Amino acid sequence: MEILNVLVVDDEQGMRMGVERALQNFVVPLPDIETEIGFRTQSAPDGATARRMLNETNFDLLLLDHKLPDMTGLDILNELDPERHAGVLSIMITAYASLDTAVTAIKHGAYDFLAKPFTPAELREATAKGARTIIMARKARELARERRRVRFEFIRVLAHELQSPLGAVHGYLELLRDGVMTEEPETAYDMIVRSLIRTEQMSKLIGDLLDMTRIESGHMQRTMETVDLRAVAKAALENVATDAAQRNISLPPITAAGSACIMAVHTEMVMLLNNLISNAVKYNRDGGSVTVKITDTDDRIRIDVQDTGIGMTPEETLRLFHEFSRIRNAKTRHILGSGLGLSIVKKIAELYDGDVHAVSAADQGSTFTVLLRKAPAKI
Amino acid sequence: MANLLIVDDDIDYLTQQKRRLESAGHRVMLAESVEDAVNILRQTPPDLMIADLMMEQMDSGFTLCHRAKSLHPKLPVIMITAVTRETGMVFETAAPGQSSWLKADALLAKPVRPEQLLREVDRLLK
């Protein structure tokens, strides 16, 4: 339960006690965010006391009488410190209810207006409205803070991932410039080859980053068409054929049960299958195989990409689909990757009301399964 | 001439430092993980160790330095890190109270200039 601190400022003792009684044990449910709001009420008989209390305690909600013995409620409103009292919400109470006073109070930052005489139910209603606003604003601020934190973390990791290949190429260029032990031509050649591999890695990372941004932005016009996943998977297998052949990895023909067609954005299906199939080759063992199976169920299409590679532990499988969560261990050390491929796969699957999961056993291989709805919900 | 151990999970960085330090007359051993490094520390203790702070885990280097110092308390250790550039956290080996938990004799921020690393190596080997 969230507790809000309420300050009632009114010169009439009966009114102060009435408000305290009305809010005692009063609870406002907030089912949307699974919480409820309770109130802790204190009161002040005049402006000077209110001023002192506002400086001593953090109040969330002010119930301010307009006409006080030493000043007006508006004076208190105007004195609120924009920083210290940033989240404070005020409701003006007055017997001299008139449109003028109401408008002036709202102009001076009051949230609402309550005209005397009012019933306990009216007071509770106005308080509940204000309390909901306070809590929702608080949640929105928390969310914005969390978003900033996630964004900062993303940029930090991205910078690190871009810096590593850049640093490697820079280091080789410095060695070549300084002529450090490069008398043998193959040494210089090796440095150039390594530099090219690292720049290619960087370029892949930038490509993946753009793919991910494109999927997430939602601004791009998504043109749906009938896509034959068998053809897309075949093209993806052809892309990796050279790498697979070099490492003796066999790529048996795709097995498809039923129609392998789906209403989808063609480039998204290309990204999805390219990522899954290139991973299956990259993380395979020499002499292994990559099997692609497409199964048509009633309203969904299931894609299984199975490899015979290094596999993962259950803990590693859990972290797999997060951005930049490359599994780092002795077996993956020399495999270059952006760390974004599987989070791209997951994001695309979600666009088709689907999901992706992996079943894996260390040193035996992994099977990645993607389920996509044939007629996607989000277009 | 001294026996140096360099620990980093970037094979290119290792290759480059090896060339630099060998051309300055040192013998260089390489380790790509904390595990490999600990094995070398046990079998063929070096005269000095250079380790990256962030390897498989964010704090791999810290753990490694602790283990190195418990195996060879007098082994000079240079820790290399991008942590300040990436997070804004500042470490100082010279700051009072920090050298006790930060088991490194020198801390160099990435990118480390080759001559800067050689200078630190020479200083710590004296």
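This tour moves through chain A and then chain B of a predicted model, with a selection to make at each stop.

**Stop 1: the open sheet of chain A**

Begin with the six strands of chain A that form an open sheet, ordered β2-β3-β1-β4-β5-β6 and mixed in their pairing. Select β2 (28-30) and β6 (112-115) of chain A: these strands stand at the edges with a single partner strand each, so one side of each has no neighbour in the sheet. On average, neighbouring strands of this sheet are turned by 25° against each other, direction ignored.

At the β6(A) edge, add strand β5 (residues 89-94) of chain A, which pairs with β6(A) in the parallel sense over four bridges. To find the register, display A:I93, whose bridge partner in β6(A) is A:L114. Next, select helix α2 (residues 47-56) of chain A, which packs on the sheet and touches β1 (2-9) and β3 (35-44) of chain A. The direction of α2(A) makes about 135° with that of β3(A).

**Stop 2: a helix crossing**

Select helix α1 (residues 13-23) and helix α5 (residues 120-178) of chain A; their axes come within 10 Å and cross at roughly 65°. Because of that angle, α1(A) is roughly perpendicular to α5(A). The crossing is right-handed. To view the contact itself, show A:V19, A:A22 and A:L23 of α1(A), which meet A:P120, A:L123, A:R124 and A:T127 of α5(A).

**Stop 3: the nonpolar cores**

Which residues have the most contacts inside the largest nonpolar core? Select A:L229, A:A233, A:I277 and A:V345; the core to which they belong has 42 residues. At least two core residues come from each of α7 (229-246), β9 (261-264), α8 (266-282), β10 (290-296), β11 (300-307), α10 (341-351) and β13 (365-373) of chain A. The largest share, eight residues, is supplied by α8(A).

Centre the view on A:A233: leaving aside residues up to four places away in sequence, A:A233 touches A:I254, A:L273, A:I277, A:V292 and A:I294. A second core, separate from this one, has 30 residues, among them A:V28, A:L61, A:L68 and A:L77.

**Stop 4: strand β11 of chain A**

Return to β11(A) and colour its two faces separately. A:I301, A:I303, A:V305 and A:D307 make up the covered face, whereas A:R300, A:R302, A:D304 and A:Q306 lie on the uncovered one. In a regular strand, side chains alternate between the two faces of the sheet.

Now bring in β10(A), which pairs with β11(A) in the antiparallel sense over seven bridges. These strands form a hairpin with three residues between them, and A:D296 stands opposite A:I301. Then add β13(A), also antiparallel to β11(A), with seven bridges. Here A:V305 has A:F368 of β13(A) as its bridge partner.

**Stop 5: strand β3 of chain B**

Finally, move to chain B and select strand β3 (residues 48-52). Is β3(B) mostly covered or uncovered? Five of its five residues are buried, and the strand is mostly covered. B:L48, B:I50 and B:D52 occupy one side of β3(B), with B:M49 and B:A51 on the other, and both faces are covered.

Extend the selection to strand β1 (residues 3-7) of chain B, which pairs with β3(B) in the parallel sense over four bridges; B:V7 is the bridge partner of B:A51. Then add strand β4 (residues 77-81) of chain B, which runs parallel to β3(B) and is joined to β3(B) by four bridges. In that pairing, B:I50 stands opposite B:I78.

Notes. Residues are numbered from 1 along each chain as its sequence is written. Chains are lettered from A and ligands numbered from 1 in the order in which they are written. This is a predicted model: local features need pLDDT of at least 70, side-chain atom pairs count only at pLDDT 80 or more; totals for chains, interfaces and linings use all residues. A nonpolar core is a set of buried Ala, Val, Leu, Ile, Met, Phe, Trp, Tyr and Cys residues joined through C-beta atoms within 7 Å. A residue is buried if 20 or more other C-beta atoms lie within 10 Å of its own, exposed if 12 or fewer, and partly exposed in between; C-beta atoms are placed from the backbone. Two residues are in contact if their C-beta atoms, placed from the backbone, lie within 7 Å. Two strands pair if DSSP finds at least two bridges between them. Axes are lines fitted to C-alpha atoms, for helices over the stretch in contact, and angles run from 0 to 180 degrees between N-to-C directions. Angles under 35 degrees count as roughly parallel, over 145 as roughly antiparallel, 65 to 115 as roughly perpendicular and the rest as oblique. A crossing is left-handed if the near helix is turned anticlockwise from the far one by less than a right angle, and right-handed if clockwise.
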